[in-house]
Structures are given as structure tokens and as C-alpha cells.
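Reader: I have a model open and would like to learn how to read strands and helices in it. Could you walk me through a few features?

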Amino acid sequence: MKNQFLLFLAAVLVMTAFTSCEILDPGVPGQLVPLTVDEDRSLPSISVNGTMLHAETFGNPTNPMIVVLHGGPGGDYRGLLNLKKFSEDGFFVVFYDQRGSGLSKRHNKATYFSENIFIDDLGAVIKYYRRPGQKVILMGHSWGAMLATGYVNRYPNEINGVVMMEPGGFKWADAEAFIKRHRSMNLMGETINDYLFLDQLITSSDHILLDYKAGLQNAAGSAPGNKLGDAGPTPSWRSGAVCAAASFEYVKDHPFDFTSNLSQYRTKVLFTYGELDVAYGTAHAELVSSAYPNVQLVEIKGSGHEIPYFGMDNFYPIAKSYLNTIK
Amino acid sequence: MKTLLASMIIIVAVTTAAFPQNINWRSLGEDQQNIIRFNFGYDGGVAAQAGYYRTFTLIRPVATGIDVSVPMGNNLLDDYKVRLGVQVELLEIDGFSATFRLNSAFRRYESELVKISSFGADYAVVAGYYSPTWSVGGEFGLDKAITSRLMHTDRMKESFPGIKDGWYVPTGGHWFYGIHGTKTLGETLDLSLKAGATMAQRNDENAAVPLYLQLGFGVRF
């Protein structure tokens, strides 16, 4: 009798606490993750190649153009905004969230079953902003640097310079090896169990909840002590969970090779990597960068994988010096 | 209307009772109505679990109990799962037995971005062959996070000022199916092994590791 009363009391207390709060539908846009550009037309965007991309620019549009490419797939450019500093050095800096990432429009999963879609989108962005005779430099971080190389591999005559920050690999096998090194974790540790426990609480087929959960899980993976050598997570707006999952699913059956035509690109490229990223290291940097015939290879001191955010002070003068050779 | 619905959901989740351990009814002696069990394995994370169960007979054998599961990590009690439940053996024929198991579950999760308190339930049918010294069988059920309270930290709100704290309904669910076995040791001890797979409900994305595996040790008294 006493136990039944206690159980009833607990239920009443829980009910009271619960009913004092609003009940929310996780599928309603704008509650758990920010709206995308097609949901909020006040956000800066461009419409290209059948999609809407969150995009913004800095500097004089007639200056040599730097197109900044974020990591992922499924990341966004919020953590790369330090790079707008190059607009003060005579460059027109273009940022955009790739298809299905950040605040760009979401698409169904099948859309991302192709490495060409990201290369085609990049071509469309360049075409959107480029003026006749304007020089174009690609500046990519992580997957963005891989994407830059994929574009150069296809269109070597269109790009005047490339700056790369820790591309995982220009062949899937190299990228996969890097991913396995930095994702290997202590099974008994806080990070991996924080990541996995969320699967019990949140499941979805909807972009909103999937992006929300991915954001929480990505933060768990960037906790202090991570193998990428970063001090913590970098700022981001919204993870592109479906884009990321589809890309990794696709690549397992369709491993890419962005080096097939790279020997044609004789222009010097700047390839940087972080001193503190133990998963990357000099050996991997030398391996990956060797695909380019003309490389300036530089280790960024005091930085992990997130060079544009945590390593900007040391990266900036090196990149500026390289960029000035292209102007 | 939403308030009433939410209240009903909470009452059902809290007052329904079941626990995840499968009882070998045939191994219980007449004077053995209590079971304490310790488990370790993978169930949404590498986790350790402890539970207490009480058996009795109401026309059919019934067991009720509570268990607590804690995933590994530096902060052991920031994430945990508590379940209250009941199992009822529905039928038994020459050692072959079928049991219905019903749980309520409370989960808590904490990270640098959010604190989550979640009420849910899991339901399963367990069937197999049970002898006084060993058992083997299978299970099939649904584990659902019915409603979750998401309270975001200042750090999360700095990143996205418009994020909304509150109770979200629903948030998640997985079907699970697997096999289990037990072996008695002496008069009072049991070893148990359970393994299986999970599949997210509807067309939801599956868990990163859609498996479970649990090794257990129990004492009957």
C-alpha cells in the first residue's frame, strides 16, 4: 500500500513538472537547429546548380578571388571566418556552405551519392562570382582541400592557386587511413560513450533531428584530448548529417581518386598541416602532398587540425606570402 | 489537450514496470524469490548494470524489479539509465516458455551542450527453452524514448541563440532482437549472455553501432 502511494506521488510530481512546460514537436524548423536559406530568405544566399547555398563575400569583387571550402562533408564555414582577413590584403574572399551543409538547402539522401555534385556546385559558385580575367584561388580545409583538388584535377587550367589545410587524402585509401587514426578512441572513455548514448535518445529520418544529433555528437568528438590536437570544437551553425552520412556511404563503393590528372597542374600549391595533429603527421602530409608536382609543404606550429581557427596566427603570414605570389 | 496527452504519456512511462533481464523461471527454487544481477557489455555504449528483482506468482509467474545502467567514462554519473519493470510468463509447455516483458525507462544524458532527461518504455516478447540448469531463447521488442526534456547550456545558446529548451515528443525508438542464454552454477548462482541487434523505428537512421552484448552474473536467494 505504502509502495503504491509512493509510486503515485512520484507520478504526480513528474506530471506537475512536466505540465508546467510547453510540449514541443522536434520536427518544427528553427527550434533545435537554425533555419536554412530556403526556410529563411533573409539569410545571404545564391541560387546555383539547382540548389540554394548560404554564401557571403568580403572585399572588392574585382580583386583576385579566394573561394573558401569548408570541411566535412557536412561542415560549414562559420569556423573559417578568420580567413576573411585576406580581404584586407587585396583579395575577394567568397565563403559558402556546401550543398546540404551548414545553412544551405537540404536535399534527399540520393542527391549526395556522387562526388561530382560537390565539384559541379563549386564550378557554379566560381561562375557566379567570377569576372572576366579574374584570378581564382581555392582555399580548402580538410574535406574542402580534397574538394579543391578534385576540382583542379578536373579543371587544371581554371585555377590560379591552391591553399590546403590538412586534406585527409586525395585518394580514398589515404583519407580513410587518416579518419581511422583520428577516430580511434578508448571504448571505456567519456567521448565515445557520450557519442553512442545519444542514439538511445534521438532517432530520426528528418534533417532537423539528424542535424541536431550530429551537432551534439561532433562536439563530443572534439572534446579536449582529441587526437586532432584541437583545443575544443570550433564554431558552427548546423551539421549536415544526411550529406555526411550519404557521402561516407557512397565512397565505400565508389572510392575517389582526385590525382588522375593532377600532374597537369604545374602551379605551386601551398599545403599546410598542424604540428599538434598526431593523427596527421609529417609522413601523411608528405604522402598526400606528393600528388602535386609543385608543392610548398609547411607545418603550422602550435595548431591541430583546425588551422583556420586555432592556428590562424601562424598560418596567416605563410598563406599571405603565398597568395601574394599569385596576385 | 497537449498537456493532457503529455501527462498520460508520463504516467504510462513511469508506472509501467519491466526490467530487461530474462528470468529462467525453471531455475528458481521455492525459497528463492530474490535475484541480484550484475551485467557488463555494450548497450548504447559500454555500460555496467546492476539490478534487483523480486518474483512471485499471480496465476502465472511474475517478476518485478529495478536496474541501473551506467555507461563508462570519466564522469560516471552524468549519463545513466534506470528501469522499472515487470515480466509475466504467459505460458509454459514442457520447458518451452513465452514471457511478456514491459519496462519503463528513465535516461539522463549530459554534455557540454545539453542536459537531456528522457522518459520511455520498452516492450518485448521472450521465448525459449528453460531447464533448471540452463536456458536458451530469443527476444524481440521495441525500446522507445517517448519524451525528452532538452535543456541547453550557455555554450549551446551562444552558438544558436534561438534554440528552444523544453519537452520534445517524440524523440526516438529502436526495435531490438537477439538471443540469450543462462547457465546455473550451484544452487544460487547464474551466468547469462545476451546478444542482438537493433534497428531504428520507421525509416529512422540506425544507431552508429546497432548491436548489443551483455554478460551477466546473478545471485538467487
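Author: Happily! In this predicted model, strand β4 (residues 65-69) of chain A pairs with β5(A) in the parallel sense, over four bridges. One place to look is Met65(A), whose bridge partner in β5(A) is Phe92(A).

Reader: In which sense do strand β3 (residues 51-58) of chain A and β5(A) pair, parallel or antiparallel?

Author: Those two strands run in the antiparallel sense, and their pairing covers four bridges. On your screen, find Thr57(A): the residue opposite it in β5(A) is Val94(A).

Reader: How should I read the side chains of a strand?

Author: The general idea is that side chains in a regular strand alternate between the two faces of the sheet. Here, Phe92(A), Val94(A) and Tyr96(A) point one way from β5(A), while Val93(A) and Phe95(A) point the other way.

Reader: And how many residues of strand β5 (residues 92-96) of chain A are buried?

Author: Five of its five residues are buried, so to speak of the strand as mostly covered is fair, with a residue counting as buried if 20 or more other C-beta atoms lie within 10 Å of its own.

Reader: Now the helices. At what angle do the axes of α5 (residues 190-201) and α6 (residues 207-221) of chain A cross?

Author: They cross at roughly 170° and come within 8 Å. Because angles over 145 degrees count as roughly antiparallel, α5(A) is roughly antiparallel to α6(A).

Reader: Which residues make the contact?

Author: From α5(A) come Thr191(A), Asp194(A), Tyr195(A) and Leu198(A); from α6(A), Lys213(A), Leu216(A), Gln217(A), Ala220(A) and Gly221(A). By class, this contact has four nonpolar, three polar and two charged residues.

Notes: Residues numbered from 1 in each chain as written. Chains lettered and ligands numbered in written order. Predicted model: local features only at pLDDT ≥ 70, side-chain atom pairs only at ≥ 80, totals over all residues. Axes fitted to C-alpha atoms, helices over the stretch in contact; angles between N-to-C directions. Parallel < 35°, antiparallel > 145°, perpendicular 65-115°, else oblique. Contact = placed C-beta atoms within 7 Å. Nonpolar A, V, L, I, M, F, W, Y, C, P; charged D, E, K, R; others polar. Buried ≥ 20, exposed ≤ 12 C-beta atoms within 10 Å, placed from the backbone. Pairing = 2+ DSSP bridges.
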